[in-house]
Amino acid sequence: MAKERIRIGIMGLGVVGSGVARILMEKADRIQAHIETPVELVRVLVRDPQKKRDFQVPGHLLTTSSRDILDDPDIDIVIEVMGGEIPAYKYIEGAIQSGKHVITANKEVMAKYGPELLTLAHQRGVDILYEASVGGGIPLIGPFQHDLAANKIISIQAIINGTTNYILTRMASEGAEFGAALAEAQALGYAEADPTNDIEGIDAVYKLAVLATLAFHLPVRPADIYREGISRLTSRDFRYARELGYAIKLLAIAKEENGMVEARVHPSLVPQGFLLAQIGGVNNAVCVQGDLVGTVVFYGPGAGSKPTSSAIVADLILLAKNITAGLTGRFRLREESGKTISPMDQVQTRYYLRMSVADHPGVLAQIATVLGEHQISIASVIQKEADPVSQTAEIVIMTHLAREADMQDSLAKIRALPPVVQERCFFLRAEG
Ligand SMILES: NC(=O)c1ccc[n+]([C@@H]2O[C@H](COP(=O)([O-])OP(=O)(O)OC[C@H]3O[C@@H](n4cnc5c(N)ncnc54)[C@H](OP(=O)(O)O)[C@@H]3O)[C@@H](O)[C@H]2O)c1
């Protein structure tokens, strides 16, 4: 029997929850124009009902008890915008178990438990939609589920953390050191007081896990993804990279070749001519290469109340249409057998090495010998001016393609060479 009304409970009324509640109340006509059945916001879960908020919902809708949403048989859709792993995961699971549809913006939960939640939803005949979990308002989940479905996905290369991209943009354009650029990002509200999740690449890992799972048809968990953050970068690296024709970006990369899926998040040198090198500030960009479509790029604001709410309300409109048409519970995560995650030490990239060495003849030959013994060939070398005080010189080496295991072995040996200043031997990977 057709529903008279679709009832919604929102869990969380912060940046995103307030944005969603505002659209539901202020743009009800626009939403209604898409769907036959009226939607109604009936409950909102918060921790502190007294808190002053950007958008005030009528007080009688607020509750501090999750049971008021999870146990209410009249609520059809739960919009989870609390964030964090627990209790959000438990609430999402509980909602699905009791036959409710879920819309979530929670990348951490979807990265860690997405495959299980999607399977459970399919078994229970309901849907879990999560467009807002990656890239804020940029359409990404829908394109992977629908628009790119005919393709075998070859690679994803993405800037999917606006905070780090802002910091790296400032380091590149102003010659700022990491600490100063981070402090500026915090002052502008682009970075949180505890920025660990962003600057250490954890947020990008969650997002890449969600995208790679969809793209390559196997569960890719956060623990499967190699991760390095941006806090060790110095302004010198940006200067040298520019001289060599590169920008430095925190990239989330996933590729598949012959059933082996590699997934990694780390700072990378990107050729200045590449589109990803041009992405500045807090914006996100995701380049996807498919065997049919070629390369497509999704670009835009990866966070913020309005863009993220735009994705959530789009999910809501789709879900409401499907509920009205009786077409729910159809989405299933397709898994392909015979695929495995490739270990990081098998990955092949090019490398940028920066090191301080004692300023006397023969040092470069020693380093080249170690690299040669590991089948790593040098593409270019720049030697910076020697420092007369410390009697050291800085050299920067770009290599051709090399295997990560070989590079790590070589670095251990290079660091042990007497002329090399151990703590000033640094490397980055290069794409393109
Ligand atoms: N902010 C963005 O631009 C953005 C973009 C994409 C995705 N997301 C995702 O969207 C989700 C929400 O982010 P946000 O920025 O809106 O977070 P937020 O501003 O910190 O808001 C969180 C809300 O959840 C409520 N809450 C948290 N834990 C709770 C609990 N245990 N019980 C009841 N209520 C609880 C808080 O209640 P009180 O207000 O009473 O404290 C608050 O209203 C996260 O998963 C985030 O990753 C955010």
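In what order do the 6 strands of the open sheet run? Keep that in mind as you open the model, which is a predicted one.

**Stop 1: the domains**

Colour the protein by domain to get your bearings. Domain 1 takes in 6-137 + 305-325, domain 2 covers 141-301, and domain 3 spans 345-430. Between the centres of domain 1 and domain 2, taken over C-alpha atoms, there are 27 Å. Now look at where these two meet: 15 residues of domain 1 are in contact with 17 residues of domain 2. On the domain 1 side, select helix 5 (residues 107-124), which supplies the largest share of the touching residues, 7 of them. By class, that side of domain 1 is made of 6 nonpolar, 5 polar and 4 charged residues.

**Stop 2: the open sheet**

Next, select the strands for the opening question. Their order is 3-2-1-4-5-6, and the pairing is parallel. Strand 3 (62-63) and strand 6 (128-129) are the edges, each pairing on one side only.

Walk across the sheet pair by pair:

- Strand 2 and strand 3 are paired in the parallel sense over 2 bridges. Show Val44 and you will find its bridge partner, Leu62, in strand 3.
- Strand 1 and strand 2 also pair in the parallel sense, over 6 bridges. Here Ile8 stands opposite Leu41 in strand 2.
- Strand 4 (residues 77-80) pairs with strand 5 (residues 101-104) over 4 bridges, in the parallel sense. Pick out Ile79, which stands opposite Ile103 in strand 5.

Now add helix 12 (residues 305-325), which packs on this sheet and touches strand 1 (6-11), strand 2 (39-45), strand 4, strand 5 and strand 6. The direction of helix 12 makes about 165° with that of strand 5.

While you have the side chains on display, a general point may help: in a regular strand they alternate between the two faces of the sheet.

**Stop 3: the ligand**

Select the ligand and show its surroundings. How many residues surround the ligand? There are 23, and the closest are Gly12, Gly14, Gly83, Ala105 and Ala303. Helix 1 (residues 15-26) gives the most to this shell, with 3 residues. Colour the shell by class and you should see 11 nonpolar, 8 polar and 4 charged residues.

**Stop 4: a cis peptide bond**

Move to Ile86 and Pro87, which are joined by a cis peptide bond with omega of about 10°. Pro87 is in the loop between strand 4 and helix 4 (88-97).

**Stop 5: Ala254**

Go to strand 9 (residues 246-257) and select Ala254 there. Is Ala254 buried or exposed? It counts as buried because 26 C-beta neighbours lie inside 10 Å, and the cut-off for buried is 20 or more. Beyond its neighbours within four places in sequence, Ala254 is in contact with several residues, including Ser155, Leu208, Phe216 and Val261. Try a distance on one of them: the C-alpha atoms of Ala254 and Phe216 are separated by 9.0 Å, with their positions 38 residues apart along the chain.

**Stop 6: two positive phi angles**

Finish with two loop residues. His217 sits in the loop between helix 10 (202-216) and strand 8 (226-227). His217 is not a glycine, yet its phi is positive, about 60°. It counts as partly exposed, because it has 18 C-beta neighbours inside 10 Å.

Then select Gln391, in the loop between strand 15 (378-383) and strand 16 (392-399). Gln391 is not a glycine either, and has a positive phi of about 55°. With 10 C-beta neighbours inside 10 Å, Gln391 counts as exposed.

How values were computed. Residues are numbered from 1 along each chain as its sequence is written. This is a predicted model: local features need pLDDT of at least 70, side-chain atom pairs count only at pLDDT 80 or more; totals for chains, interfaces and linings use all residues. A residue is near a molecule or strand if its C-beta atom, placed from the backbone, lies within 6 Å of it. Ala, Val, Leu, Ile, Met, Phe, Trp, Tyr, Cys and Pro count as nonpolar, Asp, Glu, Lys and Arg as charged, and the others, Gly among them, as polar. Domain bounds come from an automatic or database domain assignment. Two residues are in contact if their C-beta atoms, placed from the backbone, lie within 7 Å. A residue is buried if 20 or more other C-beta atoms lie within 10 Å of its own, exposed if 12 or fewer, and partly exposed in between; C-beta atoms are placed from the backbone. Two strands pair if DSSP finds at least two bridges between them. Axes are lines fitted to C-alpha atoms, for helices over the stretch in contact, and angles run from 0 to 180 degrees between N-to-C directions.
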